[in-house]
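Reader: I'd like a close look at one part of this chain. Please start from a single side chain and work outwards.

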Amino acid sequence: GEQRYYTCAVETREGKLKGVVWEESREVLPGSYDFDHDGEPEIVELVTVYGGEEQSKTGWYGLRVRTADNRLYWSRTLHESHPGWGSYFACRVEGEDYLLRYLPVMYQGYATYEYQFFSLSGPGEEQTVREGSVNFDMNFSELHERFEPEAIAPFLEEVHRLLEASELL
């Protein structure tokens with residue numbers, strides 16, 4: 001039959017071994033990317049993990065990069081709830097492939113936006129080329145702390161420059 005994949009978590013609670021199993025779907029993304037710049041393209045895979053009591057409900061998403069022989073090289077996860085918000089992009093700059101992680105988070109008007117622009121090393125470790133972040137709040141009342149356009153604008157201009165050369169993964 002159809003091949004199925006699962007994510008499993010095992011822990012010890014009150015002296016007993018307990019486990020949880022979530023079904024996942026995997027989609028190999030189109031495109032050819034060489035994030036470690038070794039001349040061999042990697043396989044990029046989007047993983048959707050289904051969780052909770054309803055196995056049809058999305059629990060979280062994963063992005064995996066595999067070597068040409070299908071070994072797991074690098075992996076990160078994101079979630080739909082705001083602590084896990086973010087996006088990954090494949091970004092081509094000067095003929096080289098990079099990953100761009102963009103994490104814009106806002107809680108009740110307080111924001112932290114950050115990005116990391118990186119390649120992967122031989123063992124799959126992130127090699128940061130550029131990164132940045134900005135904090136501000138949109139609470140223009142007695143709770144207002146900071147809103148500095150002179151800090152926000154250059155950050156957003158840099159992110160948008162990178163996004164122009166990027167493809168959402």
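Which residues does Phe35 touch, not counting residues up to four places away in sequence?

Author: Keep in mind that this is a predicted model. Leaving out residues up to four places away in sequence, Phe35 touches Glu42, Val44, Val65, Ala90, Asp97, Tyr98, Leu99, Ser119, Leu120 and Leu169. Several of these names return below.

Start with the core. Phe35 belongs to the largest nonpolar core, which has 16 residues. Phe35 is one of those with the most contacts inside this core, along with Val44, Leu63, Trp74, Leu99, Leu120 and Leu169. Of these, Val44, Leu99, Leu120 and Leu169 are also on the contact list of Phe35. In soluble globular proteins, nonpolar side chains tend to be buried together.

Which elements build this core? Two or more residues each come from β4, β5, β6, β7 (96-107) and β8 (110-120). With 3 residues, β5 gives the most. There is also a second core, separate from this one. That second core has 15 residues, and Leu100, Tyr102, Phe117 and Phe155 are among them.

Now follow Val65, a contact of Phe35, into the sheet. The bridge partner of Val65 is Trp74, in β5. Next to it in sequence, Arg64 is bridged to Ser75 of β5. These pairs belong to a larger pattern: β4 and β5 run antiparallel and are joined by 6 bridges. The two strands form a hairpin with 5 residues between them. In that hairpin, Asn70 takes a positive phi near 75 degrees.

Turn to β3. This strand covers residues 43-50, and 8 bridges join it to β4, again antiparallel. Arg64 of β4 has Glu45 standing opposite. So β4 is paired with β3 and with β5.

Further along β3 is Thr48. Is Thr48 buried or exposed? Thr48 has a relative accessible area of 11%, and it counts as buried because the cut-off is under 20%. Its contacts, not counting residues up to four places away in sequence, are Glu23, Glu24, Ser25, Thr58, Trp60 and Tyr61.

Tyr61 leads to the largest pocket. Tyr61 is among the lining residues that lie nearest the pocket centre, with Leu46, Leu78, Gly86 and Ser87. The lining has 15 residues. Two or more of them come from each of β4 (58-66), β5 (72-78) and β6 (87-93). By class, 8 are nonpolar, 5 polar and 2 charged. The pocket volume is about 200 Å³. Note the overlap: β4, β5 and β6 give residues to this lining, and they also give residues to the largest core.

Last, the whole chain. The chain has 1 helix and 10 strands. Nine strands come in a row from the N terminus, then the helix, then a closing strand. Along its principal axes, the C-alpha trace spans about 55 × 50 × 30 Å. Of the 169 residues, 35% count as buried. Take contacts between residues at least 6 apart in sequence: 39% of them join residues at least 24 apart. Phe35 offers examples of such pairs, including its contacts with Leu99 and Leu169.

Definitions and conventions. Residues numbered from 1 in each chain as written. Predicted model: local features only at pLDDT ≥ 70, side-chain atom pairs only at ≥ 80, totals over all residues. Heavy atoms only, no water. 1 Å grid on protein atoms, 1.4 Å probe; cavity = no way out; pocket = protein on both sides within 12 Å on 5 of 7 lines; lining within 4 Å. Points joined across faces, edges and corners; volume = space filled by probe spheres on them. Helix = DSSP H or I, 4+ residues; strand = E, 2+ residues; numbered from the N terminus. Nonpolar A, V, L, I, M, F, W, Y, C, P; charged D, E, K, R; others polar. Pairing = 2+ DSSP bridges. Core = buried A, V, L, I, M, F, W, Y, C linked by side-chain atoms within 4.5 Å. Buried < 20%, exposed > 50% of the residue type's maximum accessible area, 1.4 Å probe, protein only. Contact = heavy atoms within 4.5 Å.
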